[in-house]
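Here is a small set of exercises to work through with the structure open beside you. Try each task before reading its solution.

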Amino acid sequence: MFQEYDVIVVGAGHAGCEAAAAAANLGSKVLLVTMNMQTIAQMSCNPAMGGIAKGQIVREIDAMGGYSGIVTDKSMIQFRMLNRSKGPAMWSPRAQNDRMLFAATWREMLEQTRNVDFYQDMVSSLVVKNNRVCGVVTGLGHTISAKAVVVTSGTFLNGVIHIGEKRFGGGRVAEKAATGITEQLVSLGFESDRLKTGTPPRIDGRSLDYSKMEEQKGDENIVGFSYLDVPKPTQQRSCWITYTNQTVHDILKTGFDRSPMYTGRIEGVGPRYCPSIEDKINRFADRERHQLFIEPEGWNTIEIYVNGFSTSLPEEVQYQALLQVPGFENVRIFRPGYAIEYDYFPPTQLYHSLETKGLENLFFAGQINGTTGYEEAACQGLMAGINAHQKTRALEPVILKRSEAYIGVLIDDLISKGTEEPYRMFTSRAEFRTLLRQDNADLRLTEMSYRLGLASQERMEKTLRKKEGVEKIKKTLEQFSLEPAETANYLLEKNSAPLTQKQKAQQVLLRPGIDLPSMTSAIPRLHEELKDFTADILEQAEIQIKYDVYIEKEKELVKRMSQLEDLLIPENFNYDRVGSLSNEALQKFKKIKPRTLGQASRISGVNPSDVQILMVFMGR
């Protein structure tokens with residue numbers, strides 16, 4: 001039945017889909033194995049993509065030729081650019097999506113991707129020979145050969161679902177768990193552990209009173225995620241905001257004695273930055289209320305997602321508490337919230353390529369590495385798919401630096417520091433976030449991806465046009481002189497001091513409160529000069545001009561820090577020969593085996609003195 005494949009991808013969630021697409025578009029023959037063909041790219045939790053730092057990741061995936069940005073744009077029902085009141089390094093795109101349309105669009109795009117085959121079955125074990133993975137064995141007893149395997153198991157490895165005192169196996173509600181892989185890898189020397197996540201109840205939207213809630217509309221200007229010209233929706237659906245109260249909290253507390261979180265039935269650590277409602281009212285006992293976002297699940301459905309009410313309390317407690325939320329007085333529940341525990345493999349067992357150190361040709365991506373979130377999973381899938389392809393062709397792995405992409409920050413954090421709780425990306429995790437903005441991911445990554453063979457010719461040409469356009473605008477503003485008379489009304493309107501003599505347009509733009517779109521529309525001569533440039537190119541030029549000092553400072557910092565990044569540590573380096581290292585540093589170095597002194601410096605528990613000792617020893 002089966003030919004030999006270049007790459008087998010196990011699991012068809014966000015990580016698996018991106019891995020399959022990337023490897024196939026690079027030229028590998030790919031088999032995507034999923035336990036259910038009807039749940040490819042399922043949005044298991046909230047029907048949304050992007051958000052703080054996560055939106056930057058989706059734009060990076062798109063800039064490199066991944067599919068998540070295109071799928072998000074095609075299925076969005078609302079778009080918002082978060083943090084617009086802050087500097088552009090903090091701007092983060094976020095979309096509400098039609099859950100069913102999102103998954104259908106992903107499947108359609110994969111089916112139209114050459115080199116991708118599909119098979120519905122559970123992978124129960126890996127074929128291992130001479131410490132190399134060379135295929136998989138399925139639940140139906142098929143052995144399928146491959147040069148590389150990417151495991152993207154999500155929450156399915158020995159998944160256990162908890163609702164109050166009820167407990168049953170499952171990778172998602174109504175879907176069975178996957179077994180076999182953890183046990184095999186542990187027997188081969190891998191370390192595994194348990195994590196926990198949760199999801200809120202799904203609600204009948206017809207039973208809600210929206211007049212008691214705050215409406216949250218989308219942006220008038222839909223920027224979207226893809227750098228390609230994907231059509232945007234002409235209308236949007238609103239979300240709504242309501243709040244819990246003390247009565248809600250008191251009712252929830254009545255279920256604590258039956259909560260799997262507080263009775264010890266859940267062993268895994270849950271996500272710190274997306275806690276359950278019972279965890280919130282316990283940890284933040286002084287808070288009188290917590291915000292809830294009421295999110296529609298699509299264009300043509302009445303189903304509602306209650307963002308902020310993740311819970312594993314008994315169903316009757318969930319229901320009674322929801323009845324006390326403003327607007328929920330007549331609520332009907334489609335499905336209760338639940339918690340899920342699953343196996344993961346601490347990511348310090350990986351190389352930066354996402355290949356495992358314990359077995360050659362085996363790659364991990366997504367929640368198996370301890371992350372949480374669609375976006376974090378998808379970007380790992382993209383990189384694992386790329387590097388699985390590279391490995392089958394005996395090519396160098398593709399590794400993004402921390403100064404090049406949020407994707408680079410995420411993977412380096414996982415490999416260098418590990419994680420004992422579900423890892424979520426934030427802008428604060430990136431020390432070079434002024435460089436890693438959502439608006440310039442194409443300028444940062446498309447050319448590299450094009451040379452690799454992943455980003456298309458269309459993407460490359462669009463990026464080059466943008467780069468050239470930005471330089472032309474910057475040059476024009478640098479040379480274009482504005483007269484006091486033609487700027488008088490505009491500057492008065494902006495509460496900015498009038499010009500007393502001619503001044504270059506660039507200098508006027510640098511003033512507080514002045515922006516390029518309003519400046520060009522108010523000054524006809526300037527509008528004539530810049531009328532042929534698109535909004536995104538004008539915005540990029542403005543950001544580069546206004547934040548030039550900060551951007552250059554960060555580039556200088558990258559340059560200085562790259563000295564450590566360029567100092568490679570030999571793969572079989574004997575740390576026991578290095579005297580004076582602290583015991584903790586010695587243990588961490590031997591376990592993680594950092595590839596560079598830069599990575600060594602970021603390992604948790606390693607002091608600057610340990611890095612200096614290592615540097616001196618290597619110099620010798």
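**Exercise 1. A strand and its surroundings**

How many of the seven residues of β4 are buried?

Solution. This is a predicted model, and every value below is computed from it. Start by taking the residues of β4 one at a time and applying the cut-off: a residue is buried under 20% relative accessible area. Six of the seven pass, so β4 is largely enclosed by the rest of the structure.

Next, place β4 in its sheet. The sheet is open, has three strands and runs in the order β3-β5-β4 with antiparallel pairing. Its edge strands are β3 (48-50) and β4 (76-82), each of which pairs on one side only. From one strand to the next, the twist averages 15°.

Finally, look at the partner. β4 is joined to strand β5 (residues 92-97) by six bridges, and the two run antiparallel. To find the register, use two pairs: Arg80 stands opposite Arg94 in β5, and Met81 stands opposite Pro93 in β5.

**Exercise 2. The two faces of a strand**

Find which residues of β2 lie on each side of the strand, and decide whether those sides are covered.

Solution. Begin with a general point: in a regular strand the side chains alternate between the two faces of the sheet. Now sort the residues of β2. Val30, Leu32 and Thr34 are on one side, Leu31 and Val33 are on the other, and all are buried, which leaves both faces covered. The count agrees: in strand β2 (residues 30-34), five of its five residues are buried.

Then turn to the neighbour. Strand β1 (residues 5-10) is joined to β2 by four bridges, and this pair runs parallel. Within the pair, Ile8 stands opposite Leu31 in β2.

**Exercise 3. Into the core**

Which residues touch the most other members of the largest nonpolar core?

Solution. The core has 106 residues, and those with the most contacts to other members are Ile8, Val149, Leu185, Leu362, Phe364, Met383 and Ile386. Next, ask which element gives the largest share: helix α9 (residues 374-392) does, with nine residues.

Now take Leu362 by itself. Leaving out residues up to four places away in sequence, Leu362 touches Leu126, Val133, Val149, Val151, Leu185, Phe190, Leu354, Glu355 and Thr356. A second core, separate from the one above, has 23 residues, including Ile251, Phe256, Ile277 and Leu323.

**Exercise 4. Rings and charges**

Count the aromatic pairs, then classify the one formed by Phe256 and Tyr262.

Solution. The count comes to 13 aromatic pairs. For Phe256 and Tyr262, the ring centres are 4.8 Å apart and the planes meet at 35°, so the pair is tilted. Check the burial of each partner as well: Phe256 counts as buried at 17% relative accessibility, while Tyr262 counts as partly exposed at 32%.

For practice, repeat the steps with Tyr547 and Tyr550. Their centres are 6.3 Å apart and their planes are at 50°, which again gives a tilted pair. Tyr547 is partly exposed, at 28% relative accessibility. Elsewhere, ring pairs link Phe573, Tyr575, Phe589 and Phe617 into a cluster.

Last, look for charges over rings. Arg59 lies over the face of Tyr227, 4.0 Å from the ring centre. The charged end of Arg84 sits over the ring of Trp91, at 4.2 Å from its centre.

**Exercise 5. A four-stranded sheet**

What is the strand order of the open sheet that contains β19?

Solution. The four strands come in the order β11-β10-β19-β12, with antiparallel pairing. At the edges are β11 (166-169) and β12 (193-199), each pairing on one side only. Neighbouring strands are turned by 25° against each other on average, direction ignored.

Now follow β12 inwards. With strand β19 (residues 338-344), β12 pairs over seven bridges in the antiparallel sense. One facing pair here is Arg194 and Asp343, the latter in β19.

**Exercise 6. A residue at a helix**

Is Gln246 buried or partly exposed?

Solution. Gln246 has a relative accessible area of 37%, so it is partly exposed. The residue belongs to helix α6 (residues 246-253). For its contacts, leave out residues up to four places away in sequence: Gln246 then touches Lys253 and Glu288. Gln246 and Glu288 are 42 residues apart along the chain, and their C-alpha atoms are separated by 5.9 Å.

Terms used. Residues are numbered from 1 along each chain as its sequence is written. This is a predicted model: local features need pLDDT of at least 70, side-chain atom pairs count only at pLDDT 80 or more; totals for chains, interfaces and linings use all residues. Side-chain values use heavy atoms; hydrogens and water are left out. Two strands pair if DSSP finds at least two bridges between them. Axes are lines fitted to C-alpha atoms, for helices over the stretch in contact, and angles run from 0 to 180 degrees between N-to-C directions. Rings of Phe, Tyr and Trp (its six-membered ring) pair if their centres lie within 6.5 Å; planes under 30 degrees apart count as stacked, over 60 as edge-to-face and the rest as tilted. Buried means under 20% relative accessible area, exposed over 50%, partly exposed in between (1.4 Å probe, protein chains only). A charge sits over a ring if NZ of Lys or CZ of Arg is within 6 Å of the ring centre and within 35 degrees of the ring normal. A nonpolar core is a set of buried Ala, Val, Leu, Ile, Met, Phe, Trp, Tyr and Cys residues joined through side-chain atoms within 4.5 Å. Contact means heavy atoms within 4.5 Å.
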